[in-house]
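This report describes selected side-chain interactions, beginning with a charged network and continuing with cysteines and aromatic residues.

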Amino acid sequence: EAELYYKKVAELVPENPQIHHKLGALYQRQGRWQEAIEQFKKAIELDPNYFPSYNNLANCYLQMNRCKEAIRLYREASLLDEGNYLYYYRLAKLMFEYENKPEAAKKTAQKAVELNPKYPDGYLLLGRIFRELGQTSAAIAKFRQGLEIAPSNKELNKELKRAKKGK
């Protein structure tokens, strides 16, 4: 029903990026990745500053194991929307976990935390990066900073214990 509605609206106002985004989001929720990708690309083509589509498009690429394309998109989005900490965080996470580039990931994650110092996952990621780089005391400090914001965060507590044990 929603799909028919969005398709009809897209026919009536094909130049509206929000309609293409909403149709893409619908396809995304249904696991119809390729159709979602087409709609998000269309939204970005119509308005290169329509940032929600960058995020959703990157998530579709990740669902399809197309990490390089997701990384490219997060890089592009972080340049276009420099104040969005989530783009930096997600880019750093992919640089660390997929590309295995901890030094580059560290700089990018630090930018994410600088933009939003209240985001505990940023500290979690930074702590993991520091631990990977062999900087245990810095890792412990980051895990503790994250726990100051989110004291009951299970991942931060687990990582802090691991770091203290030297694992």
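## Basis and starting point

Glutamate 155 counts as partly exposed because its relative accessibility is 34%. The structure is a predicted model, and the values below are to be read accordingly.

## Salt bridges between helix 8 and helix 10

Across the whole structure, a search finds 15 salt bridges. In one of these, arginine 128 pairs with glutamate 155, and the closest N and O atoms are 2.6 Å apart. This salt bridge links distant parts of the chain: arginine 128 belongs to helix 8 (residues 120-132), glutamate 155 belongs to helix 10 (residues 154-165), and the two residues are 27 residues apart. Arginine 128 has a relative accessibility of 19% and therefore counts as buried, the cut-off for that class being under 20%.

Arginine 128 also meets glutamate 159 in a salt bridge, with an N to O distance of 3.0 Å. Since arginine 128 lies in helix 8 and glutamate 159 in helix 10, this pair ties together parts that are 31 residues apart in sequence. Glutamate 159 counts as buried, with 3% relative accessibility. The two glutamate partners of arginine 128 can thus be set side by side: glutamate 155 is partly exposed at 34%, whereas glutamate 159 is buried at 3%.

## A pair within helix 10 and the wider network

Glutamate 155 forms a further salt bridge with lysine 158, at 3.5 Å from N to O. Both residues lie in helix 10, and because they are three residues apart, about one helical turn separates them. Lysine 158 is partly exposed, its relative accessible area being 42%. Through shared partners, salt bridges join Arg128, Arg131, Glu155, Lys158, Glu159 and Arg162 into one network.

## Cysteines

How many disulfides does the count give? The count comes to zero. For cysteine 60, the closest cysteine sulfur is that of cysteine 67, and the separation of 13 Å is too far for a bond; a disulfide would require the sulfur atoms to lie within 2.5 Å. The same distance applies from the side of cysteine 67, whose closest cysteine sulfur is in cysteine 60.

Are these two cysteines buried or exposed? Cysteine 60 is buried, with a relative accessible area of 0%. Cysteine 67 is likewise buried, with a value of 13%.

## Aromatic residues and serine 78

The count of aromatic pairs comes to five. Ring pairs link Phe51, Tyr54, Tyr74 and Tyr87 into a cluster. Another tyrosine takes part in an arrangement with a charged side chain: lysine 111 lies over the face of tyrosine 88, at 5.8 Å from the ring centre.

Serine 78 is located in helix 5 (residues 67-80). Its relative accessibility is 5%, so serine 78 counts as buried. When neighbours within four places in sequence are left aside, serine 78 is in contact with Tyr87, Tyr88 and Leu91. Among these contacts, Tyr87 belongs to the aromatic cluster, and Tyr88 is the residue whose ring face lies beneath lysine 111.

Technical notes. Residues numbered from 1 in each chain as written. Predicted model: local features only at pLDDT ≥ 70, side-chain atom pairs only at ≥ 80, totals over all residues. Heavy atoms only, no water. Salt bridge = Lys/Arg side-chain N within 4 Å of Asp/Glu carboxyl O. Helix = DSSP H or I, 4+ residues; strand = E, 2+ residues; numbered from the N terminus. Buried < 20%, exposed > 50% of the residue type's maximum accessible area, 1.4 Å probe, protein only. Phe/Tyr/Trp six-rings, centres within 6.5 Å; stacked < 30°, edge-to-face > 60°. Lys NZ or Arg CZ within 6 Å of the ring centre and 35° of its normal. Contact = heavy atoms within 4.5 Å.
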